[in-house]
Amino acid sequence: MMELDFKEIITVGMVLFAVIDIVGTIPIVVDLRTKHGHIESEKASLVAGLIMIVFLFIGEEFLNLIGIDVHSFAVAGSFVLFFLALEMILGIRIYRDEAASSASIVPIAFPLIAGAGTMTTLLSLKAQYQTLNIVVAIVLNIIVVYIVLKSSAKIEKMLGKNGLGVIRKTFGVVLLAIAVKLFAANVKGLFV
C-alpha cells in the first residue's frame, strides 16, 4: 500500500539534493550560459525530472535489457563527472559542442542534474523507500533546481566574477571527489 510518509520524503529529498548538488553546479550553469547565451530553465527542469521518474520505474530493467549492470553505469557516470570537474578546476574545455544554441538538455538536464550518480542513487533508494515518496522528493528537488536555474544570472551578479571563480574551483574539487567516490564504490562490482 502506497502512502505519503513525510519523514521518508524529507530523507529521500535530502539525499537527492546532495547528489544533484544544484547549488554546487551554479558555476557550471553560469559558464554554460556564458558559452551558449541561453538556458531554458523550464525545459531543463522538466526533462531532468522526467528522466529521473522514468529511470526510477524502468531503470534497472532497461540497463539489464541492454546488458549493462548498475556498477558499469555508475563507473561510466563517474568518468563524465571527472571530466566536468577537470574543466572546472583547470579552466579548460573538454566538452565542445559549438552548434548548440542552448545548453538546456545536454549537459544540464543530463548528466548534471539527472546523471549517473542520481540514477544510481534512485535505484538504491527504491530498495529502501516507497516509490510514491521518492517521486514526491524528485518533484520537490526539481522545483529547487528550476528556481536555481532561473535565478542563475542574479546569483552570478551577486557573487561576481572572482566569487564565481573561487566557487567553480572549489566545487570542481568536490565534484572530482564525488567522481572518485562513485568510481571506487562501483569498480569492485565490475569484477564480481
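## Helix H1 against helix H6

In this predicted model, helix H1 meets helix H6 through Val12, Val15, Leu16, Val19 and Ile20. On the H6 side, the partners are Gly117, Thr118, Thr121, Leu122 and Leu125. Seven residues of this contact are nonpolar and three are polar. None is charged.

Two packed helices are described by the angle between their axes and the distance between the axes. H1 covers residues 6–20, and H6 covers residues 116–128. Their axes come within 9 Å and cross at roughly 160°. H1 is therefore roughly antiparallel to H6, as angles over 145 degrees count as such. The crossing of H1 past H6 is right-handed.

## Helix H3 against helix H6

H6 also packs with helix H3, residues 41–65. Here the axes lie 9 Å apart, at an angle of about 80°. That angle makes H3 roughly perpendicular to H6.

From H3, the contact takes in Ile51, Met52, Phe55, Leu56, Phe57, Glu60 and Leu63. From H6 come Thr118, Met119, Leu122, Leu123 and Lys126. Nine of the contact residues are nonpolar, one is polar and two are charged. Thr118 and Leu122 of H6 appear in this contact, and Thr118 and Leu122 also meet H1.

## Helix H2 against helix H8

Helix H2 (26–36) packs with helix H8 (152–187). Their axes come within 7 Å and cross at roughly 120°. H2 is therefore oblique to H8. H2 passes H8 in a left-handed crossing.

H2 brings Ile26, Pro27, Ile28, Val29, Val30, Asp31, Arg33 and Thr34 to the contact. They meet Ser152, Ala153, Ile155, Glu156, Leu164, Ile167, Arg168 and Leu175 of H8. The class count is 10 nonpolar, two polar and four charged residues.

## The largest pocket

How much space lies in the largest pocket? The volume is about 450 Å³. The lining is made of 26 residues. Val19, Leu81, Gly117, Ile178 and Leu182 lie nearest the centre of the pocket. Two of these names are already familiar: Val19 of H1 and Gly117 of H6 take part in the contact of those helices.

Which helix gives the most to the lining? H8 does, with seven residues. At least two lining residues come from each of H1, H4 (70–90), H5 (104–113), H6 and H8. By class, the lining holds 15 nonpolar, nine polar and two charged residues.

## Two backbone details

Most residues other than glycine have a negative phi, and most peptide bonds are trans. Two places in this model depart from that pattern, one in phi and one in a peptide bond.

Aspartate 21 has a phi near 50°, a positive value in a residue that is not glycine. Where does aspartate 21 sit? This residue is in the loop between H1 and H2.

The other place is the bond joining valine 106 to proline 107. This peptide bond is cis, with omega about 5°. Proline 107 lies in helix H5, and H5 is among the helices that supply residues to the lining of the largest pocket.

Note on methods: Residues are numbered from 1 along each chain as its sequence is written. This is a predicted model: local features need pLDDT of at least 70, side-chain atom pairs count only at pLDDT 80 or more; totals for chains, interfaces and linings use all residues. Side-chain values use heavy atoms; hydrogens and water are left out. Axes are lines fitted to C-alpha atoms, for helices over the stretch in contact, and angles run from 0 to 180 degrees between N-to-C directions. Helices (H or I, at least four residues) and strands (E, at least two) are DSSP runs, numbered from the N terminus. Angles under 35 degrees count as roughly parallel, over 145 as roughly antiparallel, 65 to 115 as roughly perpendicular and the rest as oblique. A crossing is left-handed if the near helix is turned anticlockwise from the far one by less than a right angle, and right-handed if clockwise. Contact means heavy atoms within 4.5 Å. Ala, Val, Leu, Ile, Met, Phe, Trp, Tyr, Cys and Pro count as nonpolar, Asp, Glu, Lys and Arg as charged, and the others, Gly among them, as polar. On a 1 Å grid over the protein atoms alone, a cavity is a set of points where a 1.4 Å probe fits but cannot get out, and a pocket is an open set with protein on both sides within 12 Å along at least five of seven lines; lining residues have an atom within 4 Å of a point. Grid points are joined across faces, edges and corners, and a volume is the space filled by probe spheres set on the points.
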